[in-house]
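Trainee: I've got a model open and I'd like to go over one part of it slowly with you. Could you walk me through it once it's on the screen?

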Amino acid sequence: MSKPGHMDDLSMMEGNQTWEQLALGFVLLLLLGVLSHLNFLLFHSVAELFSILVGFSLFIVAWNTRKHQESGFFGLIGVAYLFISLIDFLHILSYKGMAVFPTYDANLPTQLWIGARWLESLSLLGAYLFLRRVMHWSL
């Protein structure tokens with residue numbers, strides 16, 4: 001039997017964790033803001049790497065749940081974000097100042113970014129067609 005007020009203690013702990021998470025998020029945003037003024041190339045790379053991490057995570061979840069999906073919507077989105085993340089990674093490498101593609105100017109990263117956004121928008125639009133279709137995933 002739990003002691004009186006036990007649930008209040010748990011809700012207080014959860015409330016403290018929420019405030020701690022909000023404070024941590026605020027500090028991270030503040031650090032990113034300062035970083036954007038000190039070294040924009042590093043800030044840009046960190047921001048793009050975060051979006052790449054989210055895209056790869058989406059692919060991993062979609063791929064590992066493909067046998068349990070009732071439609072092809074989430075699977076298509078997951079595979080699309082794998083390729084979107086790869087294009088975004090090339091965008092980071094081609095950004096001015098990275099010196100990975102030294103013979104190219106600012107046009108290459110711009111084209112890669114636009115290509116990734118096109119692929120993203122067409123994938124989200126096209127995935128609607130797979131809402132009611134069953135896809136059989138196999139390699």
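How many of the 139 residues of the protein chain, as a percentage, count as buried? And once that's settled, please take a close look at helix α3: what are its buried residues, and what do they pack against?

Mentor: Happy to. Keep in mind that this is a predicted model. To your opening question: 20% of the 139 residues in the protein chain count as buried. The chain has 4 helices and 0 strands, so in sequence order the pattern reads α-α-α-α. Among contacts between residues at least 6 apart in sequence, 66% join residues at least 24 apart.

Now for α3 itself, which runs over residues 73–94. A quick check on its length: its 22 residues, at 1.5 Å each, should span 32 Å, and the C-alpha atoms at its ends are 31 Å apart, which agrees. Its buried residues are G75, I77, G78, A80, Y81, L82, I84, S85, D88, H91, I92 and S94. As you step through that list, remember that an α-helix has 3.6 residues a turn, so residues three or four places apart point the same way. The buried residues of α3 pack against two partners, α2 and α4. Let's take each in turn.

Start with α2, residues 40–64. The axes of α2 and α3 come within 8 Å and cross at roughly 155°. That angle is over 145°, so α2 counts as roughly antiparallel to α3. The crossing is left-handed. Sorted by class, the residues in this contact come out as 15 nonpolar, 8 polar and 2 charged.

The length check works for α2 as well: 25 residues at 1.5 Å each should give 36 Å, and its end C-alpha atoms are 36 Å apart, in agreement. The buried residues of α2 are H44, S45, E48, I52, G55, F59 and A62, and what covers them includes α3 and α4.

H44 is a nice one to click on. It sits in α2 and is buried, with a relative accessible area of 12%. Setting aside neighbours within four places in sequence, H44 is in contact with H91 and Y95. H91 is also one of the buried residues of α3.

A few other α2 residues are handy for finding your way around. S57 lies in α2 and is partly exposed, at 35% relative accessible area. Its C-alpha atom is 8.8 Å from that of L82, although the two residues are 25 apart along the chain. L82 is on the buried list for α3. I60 is in α2 too, and at 48% relative accessibility I60 counts as partly exposed. From I60 to G75 is 15 residues in sequence and 10.0 Å in space, C-alpha to C-alpha. G75 is another of the buried residues of α3. V46, again in α2, is partly exposed with a relative accessible area of 34%. For V46 the reference point is L35, 11 residues away in sequence and 9.8 Å away between C-alpha atoms.

Now swing round to α4, residues 107–127. Here α3 and α4 pack at an angle of about 175°, with their axes 8 Å apart. That makes α3 roughly antiparallel to α4. By class, this contact has 17 nonpolar, 4 polar and 3 charged residues.

On the α3 side, the residues that meet α4 are F73, L76, I77, A80, Y81, F83, I84, I87, D88, L90, H91 and S94. Facing them from α4 are L108, P109, L112, W113, A116, R117, L119, E120, S123, L124, G126 and A127. H91 is worth a second look, as it appears in this contact with α4 and also touches H44 of α2.

To finish, zoom in on S123 in α4. It counts as buried, at 10% relative accessibility. Not counting residues up to four places away in sequence, S123 touches L76, I77 and A80. Of these partners, I77 and A80 are among the buried residues of α3.

So, back to your question: the buried residues of α3 pack against α2 and α4, with α3 roughly antiparallel to α2 and roughly antiparallel to α4.

Methods
Residues are numbered from 1 along each chain as its sequence is written. This is a predicted model: local features need pLDDT of at least 70, side-chain atom pairs count only at pLDDT 80 or more; totals for chains, interfaces and linings use all residues. Side-chain values use heavy atoms; hydrogens and water are left out. Axes are lines fitted to C-alpha atoms, for helices over the stretch in contact, and angles run from 0 to 180 degrees between N-to-C directions. Helices (H or I, at least four residues) and strands (E, at least two) are DSSP runs, numbered from the N terminus. Angles under 35 degrees count as roughly parallel, over 145 as roughly antiparallel, 65 to 115 as roughly perpendicular and the rest as oblique. A crossing is left-handed if the near helix is turned anticlockwise from the far one by less than a right angle, and right-handed if clockwise. Ala, Val, Leu, Ile, Met, Phe, Trp, Tyr, Cys and Pro count as nonpolar, Asp, Glu, Lys and Arg as charged, and the others, Gly among them, as polar. The expected span of a helix is 1.5 Å times one less than its number of residues. Buried means under 20% relative accessible area, exposed over 50%, partly exposed in between (1.4 Å probe, protein chains only). Contact means heavy atoms within 4.5 Å.
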